[in-house]
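Reader: I have a new model open and would enjoy talking it through with you. Could you take my questions one at a time?

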Amino acid sequence: DAAGDCAAGLAEYKSEYIDTIVSVLQKYASLVPIVLVIEPDSLPNLSTNMADPRCGNSATQTAYKAGVAYAVESIATAAPEVAIYLDAGHGGWLG
């Protein structure tokens, strides 16, 4: 975003995506089994794309980490019945 700190993108991620998903989960989590895959490939890409200035800069790294933490914490708090899989890649990709 204009400030270069990813604050606007992180705010949008939280309000437009995660908060919306959480509201749906609250309606159905006690009715049916739910498994979520959180941000597939995001954390591994964060690790492997450090040399890319669009991905490896501190603002992007901070926003990714804060966004994933917000997603996991929000979902776990609002709908503890939901199983969460946090994708971390595989050894061949990261090694």
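Reader: What percentage of the 95 residues in the protein chain is buried?

Author: Happy to start there, with the reminder that this is a predicted model. A residue is called buried when its relative accessible area is under 20%. Among the 95 residues of the protein chain, the buried share is 26%.

Reader: Which pattern does the protein chain follow along the sequence?

Author: The chain holds four helices and two strands. Its C-alpha atoms fill a box of roughly 45 × 35 × 15 Å along the principal axes. Read along the sequence, the helices and strands come in the pattern α-β-α-α-β-α.

Reader: How far apart are the end C-alpha atoms of helix 1, and what span should its 22 residues have?

Author: Helix 1 covers residues 7-28, and at 1.5 Å a residue its 22 residues should span 32 Å. There is a bend of about 30° in helix 1, located at Ile-18. The expected span agrees with the distance between the end C-alpha atoms, which is 31 Å.

Reader: Which elements do the buried residues of helix 1 pack against?

Author: Let's begin with the residues themselves: Leu-10, Tyr-13, Ile-18, Val-22 and Leu-25 are the buried ones in helix 1. Ile-18 is also where helix 1 bends. The packing partners of these buried residues are strand 1 (35-38) and helix 3 (58-78).

Reader: Is Thr-60 buried or exposed?

Author: Thr-60 sits in helix 3. Beyond its neighbours within four places in sequence, Thr-60 is in contact with Cys-6, Arg-54 and Cys-55. Its relative accessible area is 11%, and since the cut-off is under 20%, Thr-60 counts as buried.

Reader: And Leu-31, is that residue buried or exposed?

Author: Leu-31 lies in the loop between helix 1 and strand 1. The cut-off for exposed is over 50% relative accessible area. With a value of 62%, Leu-31 is therefore exposed.

Reader: Which residues make the nonpolar surface patch of about 390 Å²?

Author: Leu-31, the exposed loop residue, is one of them. The patch has an area of about 390 Å², and its members are Val-24, Tyr-28, Leu-31 and Val-32.

Reader: What percentage of the accessible surface of the protein chain belongs to carbon and sulfur atoms?

Author: A good one to end on! The accessible surface of the protein chain comes to about 5,900 Å². The part of that surface belonging to carbon and sulfur atoms is 59%.

Methods:
Residues are numbered from 1 along each chain as its sequence is written. This is a predicted model: local features need pLDDT of at least 70, side-chain atom pairs count only at pLDDT 80 or more; totals for chains, interfaces and linings use all residues. Side-chain values use heavy atoms; hydrogens and water are left out. The expected span of a helix is 1.5 Å times one less than its number of residues. The bend at a residue is the angle between axes fitted to the seven residues ending there and the seven starting there. Buried means under 20% relative accessible area, exposed over 50%, partly exposed in between (1.4 Å probe, protein chains only). Contact means heavy atoms within 4.5 Å. Patches are made of residues with over 30% relative accessible area and no salt bridge: like charges are joined within 9 Å, nonpolar side chains (Val, Leu, Ile, Met, Phe, Trp, Tyr) within 5 Å. Accessible areas come from the Shrake-Rupley method with a 1.4 Å probe; for residues, only the protein chains shown count as cover. A salt bridge is a side-chain nitrogen of Lys or Arg within 4 Å of a carboxyl oxygen of Asp or Glu.
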